[in-house]
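Let's take a walk through this structure together. Have the sequence and the 3D view at hand as you read.

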Amino acid sequence: MSEIIKVANLSKTYQNRGKTVTAVTNITFSVKQGELFGLFGPNGAGKSTLVRMLTTLLAPTRGTAVVNGFDVVQQEMQVRASVGLVTADERSFYGRLTTRQNLQFYAAMQNIPRTHIPRRIAEVLELFDLEQKADAATQSLSTGQKQRLNMARALIHDPPVLFLDEPTKSMDVQTSDFVKALIRDELVNRQGKTVVFISHELYEMENFCDRVLILANGTVQAAGTPAELGALLPRRALFRLVVEGNPDQLAQHWQALDGVESVSEISRGMTQTTFDVALADERVWFAVLAVIERGNGRLESYHRADDESLRRIVAHFSGGEFTAKDAESAKKNN
Ligand SMILES: Nc1ncnc2c1ncn2[C@@H]1O[C@H](COP(=O)(O)OP(=O)(O)O)[C@@H](O)[C@H]1O
Ligand SMILES: [Mg+2]
């Protein structure tokens, strides 16, 4: 597979009322053709800045970026023809014009040959299930329909690369599921498009993106498939075990062991107690077992309950910056 996006040492510094804000520094990565690529990072990480540079809306301060074989500075027009961009909160439609008229306007803006326009509009209307609304004023569309129209607009010129800057942020679950299924099945798998999907919500990327780049404080923290990122982590392990024996004594002795990160009692029955024991290293497990033996307890059953989710991966690479709480407060501040 060839690399359709190549970014090398890209940096952007904003000058704002005499103040200098460095948004991204020395970003280097590439995206392969036909990939569903996730760009993840908390608010303020620099995701939108990066995407605006890759879509020619913003000039880089330093570094280079090539999209679909074209340089974003030297070949601005060709890059624009190669990309579509969807952002979360766009008000880019004329409410009194119909869905079709709005799309005609954007088709003309993209220099699509006039004879091709009706067919192309019919295609995107079908793709986004908007045929019923083709001749309705866009102001009468529901929020979900407008969001789908927004995607239709970004794809009107059939670009090989699509950037989605937090597209699902304000979508209801139904619209979000519809759009994500369409991205994966139709745009990526069937049409072979390359999609860069941006989000500050991890659950959005799990089981969806082929590869993920983690951005924090304007720099790349890590990139790879979720599995590759997971392999870089220390071999931390979480065990859930059911034991017979004195629960308080067991917990106390486990806690005293080197390499035991936490012990939590999940439930206590007449004779058995269930614990979650988190270990810094899976080899500490043998010491955990030895404690049971020494206390004349009995291990009834156990299983590994590791949290190998992307959430943990990101927490590791960003110094624990991304917690559920962070995401919540980020949402509120938006
Ligand atoms: N026009 C601008 N002028 C000054 N600073 C900006 C501007 N746009 C973004 N920034 C700053 O650049 C950093 C990255 O912002 P942004 O790219 O929007 O991040 P993200 O999309 O990941 O939330 C933030 O610190 C933000 O405040
Ligand atoms: Mg942003």
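What follows is a short tour of a strand, two single residues and a ligand site.

A word on the ground rules: this is a predicted model, in which local features need pLDDT of at least 70, side-chain atom pairs count only at pLDDT 80 or more, and totals for chains, interfaces and linings use all residues. Residues are numbered from 1 along each chain as its sequence is written, chains are lettered from A and ligands numbered from 1 in the order in which they are written, and side-chain values use heavy atoms, with hydrogens and water left out.

Let's begin with strand 3, residues 36-40. Helices (H or I, at least four residues) and strands (E, at least two) are DSSP runs, numbered from the N terminus. In strand 3, 5 of the 5 residues are buried, so the strand is largely enclosed by the rest of the structure. Buried here means under 20% relative accessible area, exposed means over 50%, and partly exposed is in between (1.4 Å probe, protein chains only). Leu 36, Gly 38 and Phe 40 point one way, while Phe 37 and Leu 39 point the other way. In a regular strand the side chains alternate between the two faces of the sheet.

Who are the partners of strand 3? Two strands pair if DSSP finds at least two bridges between them. Strand 8 (residues 194-199) runs parallel to strand 3 and is joined to it by 5 bridges, with Leu 36 opposite Val 195. Strand 9 (residues 211-216) is parallel to strand 3 too, with 4 bridges, and there Leu 39 faces Leu 213.

Next comes Asp 71, in strand 5 (residues 70-71). Asp 71 is buried yet has no salt bridge, and Lys 6, the nearest side chain of opposite charge, is 11 Å away. A salt bridge would take a side-chain nitrogen of Lys or Arg within 4 Å of a carboxyl oxygen of Asp or Glu; Lys and Arg count as positive and Asp and Glu as negative, while His and the chain ends are not counted. What does the side chain of Asp 71 reach instead? One target is the backbone nitrogen of Val 73, at 2.7 Å, and another is that of Gln 74, at 2.9 Å.

Finally, look at ligand 1. Among the residues around it (a heavy atom within 4 Å) are Tyr 14, Gly 44, Gly 46 and Lys 47. A polar side-chain atom of Tyr 14 lies 3.4 Å from a nitrogen atom of ligand 1. A polar backbone atom of Gly 44 is 2.7 Å from an oxygen atom of ligand 1.

Conventions: A polar contact is a pair of N or O atoms within 3.5 Å; within protein, one must be able to donate a hydrogen and the other to accept it, and residues adjacent in sequence count only if both atoms are side-chain atoms.
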